[in-house]
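Reader: Please pick out one part of this model, look at it closely, and then place it against the rest. I would like each cut-off spelled out where its term comes up.

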Amino acid sequence: MSERYFAKVVRVLNSTTAVIDAGEDSGVKLGDKFLLIGLGELIVDPDTQEELERLEIVRGKAQVTHVQSRIATLQSYEYVRTGDVKEIKKVTSRGVGIANFLGPQDTVTESISPGKERLKDLIDLSVGDFAIRI
Amino acid sequence: MRNRIAKGIFSLTGASLIIGAAGFLSALVTMFIDVTASVSVKWLIFVVFILSSFSLILLKIIADLSSEKEPPPPFEVPFKYINESGIFVIRRNENFLNSIIVGCYFQNDGVDTLAYLAVVHLVQDKVIQIKIRVDFGLFPSGDLSPEDLKTIEIRPVVPVTALEQFDTPGVVNE
């Protein structure tokens with residue numbers, strides 16, 4: 001494996017969690033951050049026709065959440081946020097007593113529910129992808 | 001750098017300087033030194049030693065200048081576009097650091113128009129991936145041909161007004 005690629009993904013646990021084949025023995029510590037990539041097509045320089053290198057496809061960024069001697073568990077640490085939801089409620093009510101003379105009363109309630117944040121998926125991550133230390 | 005040194009030496013200015021220096025030295029020699037006199041080997045060795053030391057120092061300076069790096073160009077022209085992920089691929093350039101915001105300018109008759117705002121997505125050993133974040137709609141079809149790519153220049157310079165197009169960093173909106 002080239003120096004650039006620190007470790008290889010050996011298991012994908014779910015869409016945000018994966019296991020790499022490097023652990024404490026390789027100097028991995030809790031909280032270490034990695035860029036997970038897969039290798040794509042070979043890029044050729046159109047002017048010189050020189051084969052440059054294979055395109056790295058970014059799967060996501062992940063952080064070490066658990067370290068064992070030869071493996072480590074990584075979890076995505078980027079977040080995605082859904083848009084805020086704005087809700088406007090209009091309630092028309094008739095008043096009682098003197099208020100009845102004033103006609104129907106409109107009550108407008110406006111509420112904004114903030115968007116929810118969740119961990120960003122490691123897109124298309126598969127066994128054999130590489131981890132680059134960042 | 002090597003080209004610059006070679007051009008400097010093998011130019012009209014360089015040739016004039018060499019001829020001038022040679023004439024000056026020969027004039028000095030004929031004016032003050034008796035060229036028919038015999039010299040001792042000791043002096044000859046001394047002069048050779050001084051000259052060779054001087055030459056070595058000059059060679060070292062030339063070697064250092066040759067290894068001096070040329071500054072990278074201030075812009076790059078993309079040579080590949082990956083439509084599915086909106087990524088331009090450019091050659092490696094030290095001006096493009098990881099995660100900086102860059103501007104993709106459309107060149108039309110010498111006029112620059114900002115076509116995309118993008119970020120340096122990934123720096124590889126020989127290429128750099130630039131991911132489009134804001135599209136100003138100059139290429140409505142979305143699929144860029146190799147001819148279209150030749151009209152685009154990517155620079156690590158962005159107008160401050162265009163930066164307002166970016167959302168809060170750190171969180172990616174879906």
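Author: B:Thr30 has its place in helix H2 (residues 12-32) of chain B; helices (H or I, at least four residues) and strands (E, at least two) are DSSP runs, numbered from the N terminus. This is a predicted model, in which local features need pLDDT of at least 70 and side-chain atom pairs count only at pLDDT 80 or more, while totals for chains, interfaces and linings use all residues. Residues are numbered from 1 along each chain as its sequence is written, chains are lettered from A and ligands numbered from 1 in the order in which they are written, and side-chain values use heavy atoms, with hydrogens and water left out.

B:Thr30 counts as exposed because its relative accessibility is 59%. The cut-offs are under 20% relative accessible area for buried and over 50% for exposed, with partly exposed in between (1.4 Å probe, protein chains only). The side chain of B:Thr30 reaches the backbone oxygen of B:Ser26 at 2.9 Å. That is a polar contact, meaning a pair of N or O atoms within 3.5 Å; within protein, one must be able to donate a hydrogen and the other to accept it, and residues adjacent in sequence count only if both atoms are side-chain atoms.

The chain around this residue has four helices and seven strands. Along the sequence of chain B, the pattern reads α-α-α-β-β-β-β-β-α-β-β. Of the 174 residues in chain B, 28% are buried. The accessible surface of chain B (Shrake-Rupley method, 1.4 Å probe; for residues, only the protein chains shown count as cover) is about 11,900 Å², and carbon and sulfur atoms account for 65% of that surface. If contacts (heavy atoms within 4.5 Å) in chain B are restricted to residues at least 6 apart in sequence, 56% of them join residues at least 24 apart.

Next, the sheet. In chain B, six strands form an open sheet in the order S1-S2-S5-S4-S3-S6, with antiparallel pairing; two strands pair if DSSP finds at least two bridges between them. Strand S1 (80-82) and S6 of chain B are the edge strands, each pairing on one side only. From one strand to the next, the twist averages 35 degrees, where axes are lines fitted to C-alpha atoms, for helices over the stretch in contact, and angles run from 0 to 180 degrees between N-to-C directions.

Within this sheet, seven bridges join S4(B) and S5(B) in the antiparallel sense, and B:Leu117 has B:Val134 in S5(B) as its bridge partner. S3(B) and S6(B) also pair in the antiparallel sense, over four bridges; there B:Gly103 stands opposite B:Arg155 in S6(B). From S6(B), B:Ile152 and B:Ile154 point one way and B:Glu153 and B:Arg155 the other, and all are buried.

Two of these S6(B) residues, B:Ile152 and B:Ile154, are among those with the most contacts inside the largest nonpolar core, which has 20 residues. A nonpolar core is a set of buried Ala, Val, Leu, Ile, Met, Phe, Trp, Tyr and Cys residues joined through side-chain atoms within 4.5 Å. Strand S2 (87-91), strand S3 (101-108), strand S4 (111-123), strand S5 (127-135) and strand S6 (152-155) of chain B each give two or more residues to this core. S4(B) supplies the largest share, five residues. B:Tyr116 also has a place on the list of residues with the most contacts in the core. Leaving aside neighbours within four places in sequence, the contacts of B:Tyr116 include B:Phe88, B:Val102, B:Ile132, B:Phe139, B:Leu144 and B:Ile152. A second, separate core has 16 residues, including A:Ala7, A:Val28, A:Leu36 and A:Ala62.

A:Leu36 leads to the sheet of chain A, where six strands run S1-S2-S5-S4-S3-S10 as a closed barrel with antiparallel pairing. The twist averages 50 degrees from one strand to the next. Strand S3 (residues 33-44) and strand S10 (residues 130-133) of chain A pair over four bridges in the antiparallel sense, and the bridge partner of A:Leu36 in S10(A) is A:Ala131.

A:Arg59, in strand S4 (residues 51-67) of chain A, counts as buried because its relative accessibility is 13%. The side chain of A:Arg59 makes a polar contact of 2.9 Å with the side chain of A:Asp129 and reaches the backbone oxygen of A:Asp124 at 3.4 Å.
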